Amino acid sequence: MNNGFAAPAIAAAISIGLVAVLLGMAVTARRTQHSPDDFYLAGRRIGPGQNALALFAGFVLFTTIFTMTGHVSLNGLDAILFSAAFAMSWLIALFFFAGPLRNIRGTTIADVFALRADPRTARVASIVVTLLLFLTYSIVMMEGGGIVARMLFGIGSETGRSIMVAGMGVLAIVIVLVGGMLGTTRVLATKGVLIIGILAVLTVIALVKYRFNLVQLLGDAQAKAVPHPSGSDLLAPGREFNGPAGPIVHISKLFVAFVGHAALPYMFMRYFTATSGPDARRSAGWAGILTTGFYMCVAFLGLAAVALLGGQNIGMAPPLRDTTLPILADHLGGPWMAGLLGAVALIIVVGMLATLLMSAVTSVTRDGSALRQVAPEPADELRAARRNTVVIGAATVLLGTVLLQVNVHVLLPVTISFAGAAVLPAVVYSLFWKRFNTAGLRWSVFGGLAVTAILFLFSGLMSGTPIAILPNADFHLVDFDPALASVPIAFLLGYLGTLSSRERNDAGFAQLQVRALTGAVLPAVRNPDVATAPATGATRAGRTPSAL
């Protein structure tokens, strides 16, 4: 890859300064950790402003900013529609999840599931889903770290990239180990500010270049764009919708972006950290506004790159589209802007790894204790959480560095599909369907995982396409992303599974509604951390012990 646009020395110097700042934030956050809840959820004291920045930053991956900019440069309007689907996913969070989840006062998604289902089943489902999504997402993030090392830091050797990626992983482990959720939140908020700042500066510079004449910029982008095989113009629909596989592929990507991101467990934890239900909704609302502004800047910069540089001088093909933003940054701001972009890219990867690790450690420690039916002393649980941070983090770093040479980027849409199929139906049913029960939870979560895995195995993401994990083999049967089919099927499985069991708890659902809407904790009918026998007899007739 020709990366003459990179400024490795400047990027390294800025990165060292930013890393020192992030470590300082983690160390100061350590002073507030007096209990497991302080470690897991920052004592539920994160205000709406900081939480909104953290939610927004947790949403932005390396691909979100770099790949999407190049995607807009190549595919114009269709790519902009794709980015709109990501922004719209915040509507699900704002209107359905944020307030109720915070009012429930949970720690993991198991606390949501256990409100309606057998606690043991809820804990197992939570651990399985959280660890699966953590593993696949983290591997993709570490591959992104390898791209950052090669593209923006000029590290060409495999050994050098592996060392840098491992260093990013170790830094994420230290942030979680020392700072817990508060330290991770501060890192994410810093990441959010850096992303907003650099995109805003690049946008203003590009506008100044065109004397704030958007019409002229769009006209130049249209005129200088590389012709598309479909014959579609850059600013007209068709470059993706009229692709070789037909519109179904692009529609599936839009669907994945819309439903999948709203159901990621690590995003749920951000609602749990809010000071109140209203603050959780405010956080989601402001995060949605930030995300919308972010994608407007990304779309503008993607078109500005074509207008200012010409389609022949940026990433002309999908494998090279990640270079478009760095090339534009070097053109607009010189080496210092390119170096700053490299440092920000590193922080993007580290922040995401820390966020994912925080979610996994919380689930393994808290849900694992509940499964064993033990109530550890707070100090013992805190030590266990930190021990799990090191063990899980080290294992993931090792696996991620080993897989750097494998094309694991395709796991990103699969991971989001897993979230959409396994988490979204179960949470929606838990919060809003009176009849939902343990059987419905099993069928929706594990059925959704199974359907998504099968569709992935026989999709173009696994074989038969240039981007597949096995590009030289071809046993794929479907071209669309798995979520397009697996999410509706998972909803159907949850419905059928619920009806297959006579277990129900109308009184418990009434209590849940009060709790989710107001935050009031009513007297418990059943301890959610103590396993109960399957419902029989009178309980099946409508007196199943409450999940509250």
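These legends accompany an overall view and several close-up views of a predicted model.

**Figure 1. Overall view of the predicted chain, which has 19 helices and 0 strands.** The radius of gyration of the chain is 23 Å, close to the 24 Å that the globule rule gives for 548 residues, so the chain is as compact as a globular protein of that length. The C-alpha trace spans about 75 × 50 × 45 Å along its principal axes. Buried residues make up 59% of the 548. Among contacts with a separation of 6 or more, 82% join residues 24 or more positions apart. The exposed area of the chain is about 20200 Å², and 68% of that area comes from carbon and sulfur atoms. Side-chain charges comprise 36 positive and 23 negative groups, and the centres of the two sets are 8 Å apart.

**Figure 2. Close-up of helix α10, residues 247–260.** The helix has 14 residues and should span 20 Å at 1.5 Å a residue; its end C-alpha atoms are 20 Å apart, so the expected and modelled spans agree. The buried residues of α10 are V249, H250, S252, L254, V256, A257, V259 and G260. Their packing partners are α5 (77–104), α15 (411–422), α16 (424–432) and α18 (483–499).

**Figure 3. Close-up of helix α18 and the helices that its buried residues pack against.** At 1.5 Å a residue, the 17 residues of α18 should span 24 Å, which agrees with the 24 Å between its end C-alpha atoms. Within α18, A483, A485, S486, V487, A490, G494, G497 and T498 are buried. These buried residues pack against α10, α15, α16 and α17 (438–457). The packing of α10 and α18 is thus listed from both sides: α18 is among the partners of the buried residues of α10, and α10 is among the partners of the buried residues of α18.

**Figure 4. Close-up of F272 in helix α11, residues 265–272.** F272 has a relative accessible area of 0% and is therefore buried. Leaving aside residues up to four places away in sequence, F272 touches L41, R44, L101, R102, G106, T107, T108, I109 and V112. The C-alpha atom of F272 is 9.6 Å from that of G43, although the two residues are 229 residues apart along the chain.

**Figure 5. Close-up of R105 in the loop between α5 and α6 (109–113).** R105 is not a glycine, yet its phi is positive, at about 60°. With a relative accessibility of 43%, R105 falls between the 20% and 50% limits and so counts as partly exposed.

**Figure 6. Close-up of R211 in the loop between α8 (158–209) and α9 (214–224).** R211 is another residue other than glycine with a positive phi, here near 55°. Its relative accessibility is 75%, so R211 counts as exposed.

**Figure 7. Close-up of A12 in helix α1, residues 8–30.** A12 counts as partly exposed because its relative accessibility is 32%. Between the C-alpha atoms of A12 and P425 the distance is 44 Å, and the two residues are 413 residues apart along the chain.

Definitions and conventions: Residues numbered from 1 in each chain as written. Predicted model: local features only at pLDDT ≥ 70, side-chain atom pairs only at ≥ 80, totals over all residues. Heavy atoms only, no water. Helix = DSSP H or I, 4+ residues; strand = E, 2+ residues; numbered from the N terminus. Rg over C-alpha atoms; globule rule 2.2 N^0.38 Å. Buried < 20%, exposed > 50% of the residue type's maximum accessible area, 1.4 Å probe, protein only. Contact = heavy atoms within 4.5 Å. Areas by Shrake-Rupley, 256 points an atom, 1.4 Å probe, with all protein chains shown as cover. Lys, Arg positive; Asp, Glu negative; His and termini not counted. Charge placed at Lys NZ, Arg CZ, Asp CG, Glu CD. Expected span 1.5 Å × (residues − 1).
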